[in-house]
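Q: I'd like a close look at one part of this model, the site around the ligand, and then a walk outwards from there. Take your time with it.

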Amino acid sequence: MKTIAPSILASDFLKLGDEIKKIENSGAKYVHIDVMDGCFVPNISFGMPIIKAIRGCTNLVLDVHAMIINPDNYIDDFISSGADIVTFHFEALSIPKIHSAIWKIHSQGKKVGISIKPNTSVEALVPFLNDIDMVLIMTVEPGFGGQSFMDDMTKKVEFLDQYKKEHSLNFDIEVDGGINDSTIKIVEKAGANIFVLGTAFFKSPVQIKVGDLIDEN
Ligand code: DX5
Ligand code: ZN
């Protein structure tokens with residue numbers, strides 16, 4: 001399955017309900033929710049009340065990207081607020097805590113994603129690839145929307161795509177940061193299948209349709 005995951009970080013918060021409708025009308029299956037704590041990243045966004053409000057108005061898959069320290073302390077809150085996928089950062093937890101976070105999320109029937117920042121090697125994720133549902137490759141430094149796509153992150157996507165094929169795995173490969181109608185083609189070709197769009201979706205003068213950006217099949 002391929003889809004885009006519009007990031008509400010770039011949306012108009014005064015009209016959040018309308019913005020969610022815009023996502024539904026685009027044909028996207030996911031809504032990407034960037035939770036930032038001002039510690040793991042140098043910015044603060046929003047948290048559980050916003051996740052709950054969105055859950056109350058849509059059946060889209062709620063794709064929560066936790067850019068926070070100690071994400072394992074908030075797993076239950078994310079899930080009770082309505083998250084379908086909980087993605088935490090590899091850099092935020094020790095190896096034993098990563099294993100227990102994966103178990104905790106799966107035991108509640110939800111999907112697990114692990115994300116890496118641009119300076120983290122993708123090989124660090126190999127021990128977890130059998131056990132997770134998604135890898136989120138950051139294609140900018142996490143913390144802010146509107147940055148430029150880092151081209152050299154493409155090789156991480158290629159590595160994961162190759163690894164999936166060699167080991168017959170089917171975790172999703174999500175990319176996040178600076179994705180637009182041209183950069184999406186680079187990462188799609190490399191093997192990514194979930195594409196986060198913040199600025200390119202919400203600041204576009206025309207309503208984006210998923211089929212115009214990617215071959216959904
Ligand atoms: C950045 C966030 C992204 C951000 C993407 O830390 O994780 O999801 O919203 O925004 P754009 O698409 O504008 O780069
Ligand atoms: Zn994100």
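How far does a polar side-chain atom of H32 lie from an oxygen atom of ligand 1?

A: Keep in mind that this is a predicted model. In it, a polar side-chain atom of H32 lies 3.5 Å from an oxygen atom of ligand 1. Two other residues reach oxygen atoms of the ligand as well. D34 does it with its side chain, a polar atom of which lies 2.7 Å from an oxygen atom of ligand 1. G146 uses its backbone instead, with an N or O atom 2.8 Å from an oxygen atom of ligand 1. On its own, ligand 1 has 380 Å² of accessible area, and the protein covers 99% of that.

Now for the surroundings. The space that ligand 1 takes up is the largest pocket. The elements giving two or more residues to the shell around the ligand are β2 (30-36), β3 (61-67) and β8 (194-197). Of these, β2 hands over the largest share, three residues. There are 20 residues around ligand 1, and the ones that come nearest are D34, G143, D176, G198 and T199. So much for the ligand itself; here is the walk outwards.

Start with helix α1, which spans residues 16-26 and holds E19. With a relative accessibility of 7%, E19 counts as buried, because the cut-off for that is under 20%. The side chain of E19 reaches the backbone nitrogen of D12 at 2.7 Å. Past its neighbours within four places in sequence, E19 is in contact with S11, D12 and F202. F202 is the long-range partner here: E19 and F202 are 183 residues apart along the chain, yet their C-alpha atoms are separated by 8.1 Å.

The chain start has a long-range pairing too. K2 sits in the segment before β1 (3-6). The C-alpha atoms of K2 and F195 are 8.2 Å apart in space, with their positions 193 residues apart in sequence. The side chain of K2 also makes a polar contact with the side chain of E188, at 2.7 Å. Leaving aside neighbours within four places in sequence, K2 is in contact with E188, N193, I214, D215, E216 and N217.

Next, follow the chain from β3 to α3. The loop between these two elements holds N70, and the phi of N70 is near 50°, a positive value in a residue other than glycine. N70 has a relative accessible area of 36%, so it is partly exposed. Helix α3 itself runs over residues 75-81, and S81 lies in it. S81 counts as buried because its relative accessibility is 3%. A polar atom of the S81 side chain lies 2.7 Å from the backbone oxygen of D77. With the neighbours within four places in sequence left out, S81 is in contact with M48, I51, K52 and R55.

Last stop, helix α5 and the loop that follows. K164 lies in α5; its relative accessible area is 14%, so this lysine is buried. A polar atom of the K164 side chain lies 2.6 Å from the backbone oxygen of F171. Not counting residues up to four places away in sequence, K164 touches L169, N170, F171 and I173. Elsewhere along the chain, L129 is 35 residues from K164, and the C-alpha atoms of the two are separated by 8.6 Å.

H167 is in helix α5 as well. At 40% relative accessibility, H167 counts as partly exposed. If you want a sense of scale, try H167 and I8: they are 159 residues apart in sequence and 34 Å apart in space, C-alpha to C-alpha. Then comes S168, in the loop between α5 (154-167) and β7 (172-176). S168 has a phi near 50°, a positive value in a residue other than glycine. S168 counts as exposed because its relative accessibility is 68%.

Back at the ligand, then, the contacts to keep in view are these: the side chain of D34 at 2.7 Å, the backbone of G146 at 2.8 Å and the side chain of H32 at 3.5 Å, each from an oxygen atom of ligand 1.

Note on methods
Residues numbered from 1 in each chain as written. Chains lettered and ligands numbered in written order. Predicted model: local features only at pLDDT ≥ 70, side-chain atom pairs only at ≥ 80, totals over all residues. Heavy atoms only, no water. Helix = DSSP H or I, 4+ residues; strand = E, 2+ residues; numbered from the N terminus. Buried < 20%, exposed > 50% of the residue type's maximum accessible area, 1.4 Å probe, protein only. Polar contact = N/O pair within 3.5 Å; in protein donor to acceptor, adjacent residues only side chain to side chain. Contact = heavy atoms within 4.5 Å. Near = heavy atom within 4 Å. Areas by Shrake-Rupley, 256 points an atom, 1.4 Å probe, with all protein chains shown as cover. 1 Å grid on protein atoms, 1.4 Å probe; cavity = no way out; pocket = protein on both sides within 12 Å on 5 of 7 lines; lining within 4 Å. Sits in = over half its atoms within 2 Å of the grid points.
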